[in-house]
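Reader: I'd like to go through this one feature by feature. Can you take my questions as they come?

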Amino acid sequence: MKILTLWSLFSTYLLASSLNIENHAAQFFSSGHTNNWAVLVCTSRFWFNYRHVANTLSVYRSVKRLGIPDSHIVLMLADDMACNHRNPKPATVFSHKNMELNVYGDDVEVDYRGYEVTVENFLRVLTGRLPPSTPRSKRLLSDDRSNILIYLTGHGGNGFLKFQDSEEISNVELADAFEQMWQKRRYNELLFIIDTCQGASMYERFYSPNLMALASSQVGEDSLSHQPDLAIGVHLMDRYTFYLLEFLEDIHPASKTNMNDLFKVCPKSQCVSTPGHRTDLFLRDPGSVLITDFFGSVRKVEITMETINLTDPIEQVEQSPVNGELQKERNSYVDQLPVSEIIHQKPKQRDWHPPDGFILGLWTLILLVFFKTLAFQETAVGSKPPYRVQ
Amino acid sequence: ACSNIRGVFLVFFFLERKLWNLPLLYDFQEELVIRPLHSGDIYASFQFRTVWETDFTRGNKVSHYRLFPKSLGQVISKFSVRELHISFTQGYWRTMQWGQPFQPAPPGAELWVWFQDSVTDVDSTWKELTNVLSGIFCASLNFIDSTNTVQPSASFKPLGIGNVTDHRFLRYATLPREIVCTENLTPWKKLLPCGSKAGLAVLLKSEKLFHSSFHSQAVHIRPMCQDWECKTTSWELRQTLNVVFDLHTSAQGKREWSLFKMFSRTLTEACPLASSSKIYIDITDNPEQFEVSPATPLLSQASVLGDRRTFSVYDLTQQITFGTVRSLNLLIRWKSSEGDMLRPLLHGERYVAGYGLQTGEIHTLMYNYHPYRSFPVLLLDSVPWYLRLYIHTLTVTSKGKDNKPSYIHYQPSKDRVRPHLLEMLVQLPPNSVTEVTVQFERALLKWTEYTPDPNHGFYVGSSVISSLVPSIVAMDTNSTRERPLFSSFFPCKEESSYFVRVYTEPLLVNLPTPDFSMPYNVICLTCTVVAVGYGSLYNLLTRSFQIEEPNPGLAKRIANVIRKMRGVPPL
């Protein structure tokens, strides 16, 4: 009897643990993505928009800390705050007052900076339609198994986001760009976070699948800034991103926090505006989506028991200087300022070009006038008054 | 641990090659020169040199990189580059207060490249090269296009070896607006063999480096001689970083400098991959002016920039340099602030004169402070197309008299296609100021060509003044002897003069800027006028007016109902 109960207990325990393993395995492979990308954009220029650059850099810092490498991050900063001449502490961008946290750091790579941050460049990065000479670090080389995090911050309004005080991107354009990305299979799942005034209007028009969006304020509300620093003289962060950064500082690569916790970040009591989110286009349940699915780059490891035979290492042949070559001529350094050579330099023979439009027109006019006068003279000379024959 | 193993392997490799008397295939040297300046500031110049004997040009693809960074090696072979010089500078070098720098650089970004003879289309190769470099250095070098690229005809001769100099293969561009910050320093540090983990690069911390009066980092790639015969060439990569720390911002006004005060770090070891790792401190004005501690017995003399300077040398490859505390923190303390600085012989200044937003005048002044010798200088000016220069107003005067240049090359600009290029060879008389003036007119740009902050102004790149300045001491012309890196940057062909390049200030000019809110204002005003004017007129013409009875009160309505019931007419 005792043995029977013991055996039944043991078998139920085995069954439970195997189910658990299956659950774990299912969760392990549930998200379906193999790589992570992040596109972080700050769209504001000028020193008093310091907080937008600090917002973007704090998200950059969290994303790097959780594992996404610089080669997979496209960072666009519309102005330089760290080495701005008005910054009392150069090469730093602080997010907390009393200069507690330097989000700029010592190892930062900005891909698009200054005047390069335009609506056109942003849309080209998203859709991948860049000129062929664009370097790799400026491209979003995502595929259909990439999870992309897109973070935008700046000044916005109902249905638009302002880029550098000179142009805007509308929510319709953004939705169309995401649809292009979906049709070109450039993402698996996409998380869109926006921290601007009336941010919720920017995700109203999305219509592509697998998009999740968060905004810092609803339509008709302003997103407010957090706190100024008296030494630097400007506001350092926006409220929503400040509390988002606080939330992300608690996340580590193995944490199991899911999106429902992210939606609770910065309630109305802290943020003054009402953060909003949109999950109807997302296929999975937000409760099963981990934060690290978008903010981190967790490598999935598959353990195998097979043995693999490595090939022998290739013997490195030393490249010794080839002595059997012909006697090369003796090289020498060039004279840096050869005065006599310069003075007697012959002027470059420029290629002959056919005359330009204006000269051609002028010559045509001259020839026309010349021939006209010639013809006129001929007729004047040639025509005699008709003599009456008597 | 990984770099140590690599270091051990490479040390054995070097020893083996030295045993067989073969020239070294790889060599890496690092050096720091500290020069206290007369105003109390301090000038630190880092140089990292990697030499690699290989042939990028021969078509066999180089695939095994060790000390030479792979990104730059691929750039050289793909774009058939013969020489590449790129610099990023924040601040302006004050020649009169600080003397001459070891490696001059203009504010902003500067890029000049010599291509190999095999390149057929230099302009498209140049465009691709600038895009690739903008990705490597995280800078907006992709803004270099035909509107700010020039082809100098006599300046910027190659600094490496070569027999033919056809200026068709040279391109020069400068971006005076380019900002330099940590994002440019990060990839620059990653090109070093030891990174920023060991050796002198440990001192390169951005918070201190950018809190300075002048910061300039550069990469120079050129072919050089391997031995005195100069039959084989090897590629040399020099990464230089010059920084001038200000007395009041970094040292709180006290004339006392130390490595920790300048860089907030001390040195603990040399880079294990380096064959030589040295610190030179300029003590020519010692011992009356200042003292250096810890003291070192090694001294070295070098003739650099026309002067014979004495240096204290600290060899970081020797363990005793670090002493018992295993860390090196040099201390330089000033004792008195007297004494004269050697006045630089050549100096340049530039400014814009005139008033209003239509015309102006560019004045370039060149100072020759030598008491009795005159020497020729080559002035290169590249002015953007939106400042239309009137070359017939070009005047060059020295000491009040007209000074005719012996060589002038002028290429006029073409709107939106190329800038002005003016190159002149001028003889500067001794102890004089030569003034070059040219008038210009400002162009009106199209609405979309303005930057998002047009009221800041538009930059004109620095003028470049290249010259062979007569020197007081004999310069070293032997190019293959072991010399400190800072004295072997510019090749020296004769003993009586040295080559120097001086950059003037960049100019900031205001172009006539439209009011960008005007389209919005015009639309609002016009729509309001149309709505009010036309709307009112339309209403008056098309609507008919009827008199409407006012609504009677409650009492009157009840009375009317009673009256209707009675059959009496209402009120």
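What follows is a set of short questions and answers on this predicted model.

Reader: Let's start with chain A. What share of its 390 residues counts as buried?
Author: Chain A has ten helices and ten strands. A residue has to be under 20% relative accessible area to count as buried. Of the 390 residues, the share that passes is 46%.

Reader: And how much of the surface exposed by chain A comes from carbon and sulfur atoms?
Author: The exposed area of chain A is about 22200 Å². Carbon and sulfur atoms supply 58% of that.

Reader: Is helix α5 of chain A largely enclosed or largely open?
Author: α5(A) covers residues 239-249, eleven in total, and eight of them are buried. Among them are A:Tyr240, A:Phe242, A:Leu245 and A:Phe247. With that count, the rest of the structure leaves the helix largely enclosed.

Reader: Over to chain B and its backbone. Which peptide bond is cis?
Author: Most peptide bonds are trans, so omega is the angle to check. Here is one with omega at about 0°. Its proline sits in the loop between β11 (290-293) and β12 (299-304) of chain B. The cis bond joins B:Ser293 and B:Pro294.

Reader: Which residue in the loop between β21 and β22 of chain B has a positive phi, and how accessible is it?
Author: Most residues other than glycine have a negative phi. In the loop between β21 (420-428) and β22 (432-442), B:Asn431 has phi near 50°. It counts as partly exposed, because its relative accessibility is 49%.

Reader: What about B:Ser80: buried or partly exposed?
Author: B:Ser80 also has a positive phi, about 50°, although it is not a glycine. Its place is the loop between α2 (70-78) and β3 (81-90) of chain B. Since its relative accessibility is 23%, B:Ser80 counts as partly exposed.

Reader: In the open sheet β15-β16-β22-β18-β19 of chain B, which strands stand at the edges?
Author: The five strands pair in an antiparallel way. An edge strand has a single partner, so one of its sides lacks a neighbour in the sheet. In chain B that describes β15 (346-353) and β19 (401-402).

Reader: How many bridges join β15(B) to β16 of chain B?
Author: β16 spans residues 359-368, and the two strands run antiparallel. One of the links pairs B:Arg350 with B:Thr364 in β16(B). The number of bridges is eight.

Reader: On to aromatics. At what angle are the ring planes of B:Tyr26 and B:Trp52?
Author: The search finds 39 aromatic pairs over all chains. In this pair the centres are 5.5 Å apart, and the pair is stacked because the planes stand at 15°. B:Tyr26 is in β1 (residues 26-36) and B:Trp52 in β2 (residues 42-52) of chain B, 26 residues apart. So the angle you asked for is 15°.

Reader: How far apart in sequence are B:Tyr43 and B:Phe102?
Author: Their rings are stacked, with centres 5.6 Å apart and planes at 20°. B:Tyr43 lies in β2 of chain B, while B:Phe102 lies in the loop between α3 (95-98) and β4 (108-115), so the pair ties together parts that are 59 residues apart.

Reader: Last one. Over which ring does the charged end of A:Arg185 sit?
Author: A charge has to be within 6 Å of the ring centre to count. The distance for A:Arg185 is 5.4 Å. The ring belongs to A:Trp182.

Definitions and conventions. Residues are numbered from 1 along each chain as its sequence is written. Chains are lettered from A and ligands numbered from 1 in the order in which they are written. This is a predicted model: local features need pLDDT of at least 70, side-chain atom pairs count only at pLDDT 80 or more; totals for chains, interfaces and linings use all residues. Side-chain values use heavy atoms; hydrogens and water are left out. Helices (H or I, at least four residues) and strands (E, at least two) are DSSP runs, numbered from the N terminus. Buried means under 20% relative accessible area, exposed over 50%, partly exposed in between (1.4 Å probe, protein chains only). Accessible areas come from the Shrake-Rupley method with a 1.4 Å probe; for residues, only the protein chains shown count as cover. Two strands pair if DSSP finds at least two bridges between them. Rings of Phe, Tyr and Trp (its six-membered ring) pair if their centres lie within 6.5 Å; planes under 30 degrees apart count as stacked, over 60 as edge-to-face and the rest as tilted. A charge sits over a ring if NZ of Lys or CZ of Arg is within 6 Å of the ring centre and within 35 degrees of the ring normal.
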